[in-house]
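The following exchange examines why certain terms apply to the structure shown below. Each answer sets a computed value against the criterion behind the term.

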Amino acid sequence: LIIEHSALKARGVQTIYHLLPEMLDVDSSEVVYIVRPRIALMKLIAQQVTHKGTQHLRRNFTVVFVPQRSMICEKVLEEDGAYDRVRIAELCLDLIPLDTDLLSLERSSFTDCHLRSD
């Protein structure tokens with residue numbers, strides 16, 4: 001994580017979970033997924049959002065793509081029936097300040113597109 005767990009708790013975050021194939025069992029009305037734009041992750045999110053056990057609950061699901069949103073991932077959510085139940089956002093982390101005079105360029109789109117064929 002980029003931020004300390006205690007800082008998240010101070011801002012109202014109840015619990016942090018890793019994205020796993022199991023169904024999410026939480027009491028919260030707000031569920032936020034912070035993920036890289038990967039098709040496999042979208043499949044897991046779609047399974048959790050469209051699970052029959054969550055249909056009657058009034059939950060707001062948000063998918064936050066880091067470092068940028070992906071139309072392919074959005075299409076996967078749409079095909080799996082989850083797109084209408086989630087809000088989509090992106091968190092651009094192009095430059096991360098490491099010190100007062102040092103920035104880290106974190107843009108990985110070249111790597112994702114050309115080396116990983118993503």
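**Elements and their pairing**

The chain contains 4 helices and 5 strands. The model is a predicted one. Along the sequence, the elements follow the pattern α-β-α-β-α-β-β-β-α.

Q: What makes β1 and β2 a pair of strands, and in which direction do they run?
A: Pairing requires at least two bridges between two strands. β1 is joined to β2 (residues 60-65) by 6 bridges, and the two run parallel. The criterion is therefore met. Within this pairing, Thr-62 of β2 is the bridge partner of Val-32, and Val-35 stands opposite Phe-65 in β2.

Q: How do you know that β2 also pairs with β3?
A: The same test of at least two bridges applies. Here 5 bridges join β2 to β3, again in parallel, so the two strands count as paired. One of the partnerships is that of Phe-61 with Val-86 in β3.

Q: Why are β1 and β3 called edge strands?
A: The open sheet has 3 strands in the order β1-β2-β3, with parallel pairing. β1 and β3 (86-90) each pair on one side only, and this is what makes them the edge strands. From one strand to the next, the twist averages 20°.

Q: What makes it correct to say that α2 packs on the sheet?
A: Contact means heavy atoms within 4.5 Å. α2 touches β1, β2 and β3, and its direction makes about 170° with that of β1. On a scale that runs from 0 to 180 degrees between N-to-C directions, α2 and β1 therefore point in nearly opposite directions.

**Burial**

Q: Why is β2 described as largely enclosed?
A: A residue is buried when its relative accessible area is under 20%. In β2, 5 of the 6 residues are buried, so the rest of the structure largely encloses this strand. Over the chain, buried residues make up 29% of the 118 residues.

Q: Which residues of β1 form its covered face, and which its uncovered one?
A: Val-31, Tyr-33 and Val-35 form the covered face, whereas Glu-30, Val-32 and Ile-34 form the uncovered one. In a regular strand, side chains alternate between the two faces of the sheet.

**The largest pocket**

Q: What makes a residue part of the lining of the largest pocket, and how many residues qualify?
A: A lining residue has an atom within 4 Å of a pocket point. The lining holds 32 residues, of which Thr-15, Ile-16, Tyr-17, Val-32 and Ile-34 lie nearest the centre. β1 (30-35) and α2 (39-50) are the elements that give two or more residues to this lining. β1 gives the most, with 6 residues. The space in this pocket is about 1200 Å³.

Q: How do the lining residues of the largest pocket divide into nonpolar, polar and charged?
A: The lining has 21 nonpolar, 6 polar and 5 charged residues.

**A peptide bond**

Q: Which peptide bond is cis, and what is its omega?
A: The bond joining Val-66 and Pro-67 is cis, with omega about 10°. Pro-67 is placed in the loop between β2 and α3 (71-79).

Notes: Residues are numbered from 1 along each chain as its sequence is written. This is a predicted model: local features need pLDDT of at least 70, side-chain atom pairs count only at pLDDT 80 or more; totals for chains, interfaces and linings use all residues. Side-chain values use heavy atoms; hydrogens and water are left out. On a 1 Å grid over the protein atoms alone, a cavity is a set of points where a 1.4 Å probe fits but cannot get out, and a pocket is an open set with protein on both sides within 12 Å along at least five of seven lines; lining residues have an atom within 4 Å of a point. Grid points are joined across faces, edges and corners, and a volume is the space filled by probe spheres set on the points. Ala, Val, Leu, Ile, Met, Phe, Trp, Tyr, Cys and Pro count as nonpolar, Asp, Glu, Lys and Arg as charged, and the others, Gly among them, as polar. Buried means under 20% relative accessible area, exposed over 50%, partly exposed in between (1.4 Å probe, protein chains only).
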